[in-house]
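Biologist: I am new to this structure. Please take a close look at a single part, the charged side chains that pair up, and then lead me on from there.

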Amino acid sequence: MKPKNSLERVLAVLEVFSEERLEWTPEDLMRELGYSRPTLYRYLKILKDAGFLMSTRNSGVTLGPKVVEMDYLTRRSDPLVLLGVPYLKQLTADHSCTAMVLRWYGNKILCVASESSTRNPISSYPRGRPMPLGRGAIARSILALLPRPRLLPLIERNLADLRAVGLGDTADDVLKSLRKVRKAGFCVAYGEVTPGAVGIAAPVVDDRDSPIASVCVTIAGNLVTGAQIDQIGAEVRRVASQISADQANGKAEQNLIL
């Protein structure tokens with residue numbers, strides 16, 4: 001959607017930065033966003049003065065120190081981080097794995113906390129790196145809980161990926177696969193996001209039982225049997241349920257005040 005007001009137009013400047021494009025010149029930004037030179041330079045000044053952007057040697061711009069400061073504050077205030085880390089530490093103490101809590105927003109899933117007990121962590125997505133909504137156990141654990149009106153547009157948008165990992169050729173096929181995930185309470189995926197890794201994920205819900213995040217364990221496929229995967233799945237489901245309950249009871253806010 002095209003930005004409608006000045007605030008949305010300023011935020012759209014930040015939205016163009018990605019792992020594939022970390023630096024932009026003003027000329028490229030004007031072409032990408034369709035802004036006039038005076039408008040773009042006004043927005044760039046606002047964002048630079050606030051620390052969200054900074055200049056580079058070749059007259060370009062990249063993300064600035066305010067983003068780092070806000071990341072630090074998020075680690076100190078995000079309920080899922082405050083609540084999740086102790087559970088992640090327990091999962092990694094029990095298994096040679098990487099354990100993560102991941103938030104869902106828009107068409108992306110973002111790792112907000114992770115712990116690892118293996119020398120070479122089996123995960124391609126550290127904190128802050130967004131992953132797609134069409135692949136992996138994490139995505140399906142979230143999608144499986146959505147009501148049909150919210151779910152169908154997401155399936156259509158990600159159908160190519162969902163088809164590629166074997167969930168079916170049509171939206172109806174995908175819906176059938178997701179119903180099985182919902183019934184099980186957790187999802188397992190083999191090498192869909194990180195080659196050689198098994199992902200085992202369960203949803204975290206808010207006080208209205210709507211999915212907002214996922215807890216996931218990734219472990220090398222050669223380290224686990226089918227029975228062990230089922231056992232870890234039950235543990236991940238329990239942890240996700242406990243984080244959901246803790247959040248509903250306001251435990252994170254209590255920790256933040258203390």
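Modeller: R37 and E27 join their side chains in a salt bridge, 3.7 Å from N to O. The term salt bridge means a side-chain nitrogen of Lys or Arg within 4 Å of a carboxyl oxygen of Asp or Glu. R37 belongs to helix α3 (residues 37–49) and E27 to helix α2 (residues 26–33), so the pair ties together parts that are ten residues apart in sequence. Helices here are DSSP runs of H or I with at least four residues, strands are runs of E with at least two, and both are numbered from the N terminus. R37 is partly exposed, at 41% relative accessibility. E27 is partly exposed as well, with a relative accessible area of 34%. The classes have fixed limits: buried is under 20% relative accessible area, exposed is over 50%, and partly exposed lies in between, with a 1.4 Å probe and protein chains only.

A word on the source. This is a predicted model, where local features need pLDDT of at least 70 and side-chain atom pairs count only at pLDDT 80 or more, while totals for chains, interfaces and linings use all residues. Residues are numbered from 1 along each chain as its sequence is written, and side-chain values use heavy atoms, with hydrogens and water left out.

Back to the charges. The whole structure holds 14 salt bridges. One of them links E69 and K66, at 3.5 Å from N to O. Both residues sit in helix α4 (residues 65–77), three residues apart, about one turn of the helix. E69 is partly exposed at 41% relative accessibility, and K66 is partly exposed with a relative accessible area of 27%.

Helix α4 also holds R75 and D71, four residues apart, again about one turn of the helix. Their side chains meet in a salt bridge of 3.0 Å, N to O. R75 counts as partly exposed at 43% relative accessibility. D71 counts as partly exposed at 30%. Elsewhere, salt bridges link R21, D28 and R31 in a network.

Helix α4 leads on to the largest pocket. This pocket has about 1,300 Å³ of space. Its lining counts 30 residues, and L63, V67, Y105, L110 and G128 are the closest to its centre. A pocket is found on a 1 Å grid over the protein atoms alone: it is an open set of points where a 1.4 Å probe fits, with protein on both sides within 12 Å along at least five of seven lines, and lining residues have an atom within 4 Å of a point. The volume is the space filled by probe spheres set on the points, which are joined across faces, edges and corners.

Helix α4 gives the most to this lining, with five residues. At least two residues each come from α1 (6–15), α3, α4, β3 (98–105) and β4 (108–116). By class, the lining has 18 nonpolar, three polar and nine charged residues. Nonpolar covers Ala, Val, Leu, Ile, Met, Phe, Trp, Tyr, Cys and Pro; charged covers Asp, Glu, Lys and Arg; the others, Gly among them, are polar.

Two loop residues round off the tour. S59 has a positive phi, near 70 degrees, and is not a glycine. S59 lies in the loop between β1 (53–55) and β2 (61–63), and is exposed at 57% relative accessibility. D209 is not a glycine either, yet its phi is positive, about 65 degrees. The loop between β7 (197–205) and β8 (211–220) holds D209, which is exposed at 57% relative accessibility.
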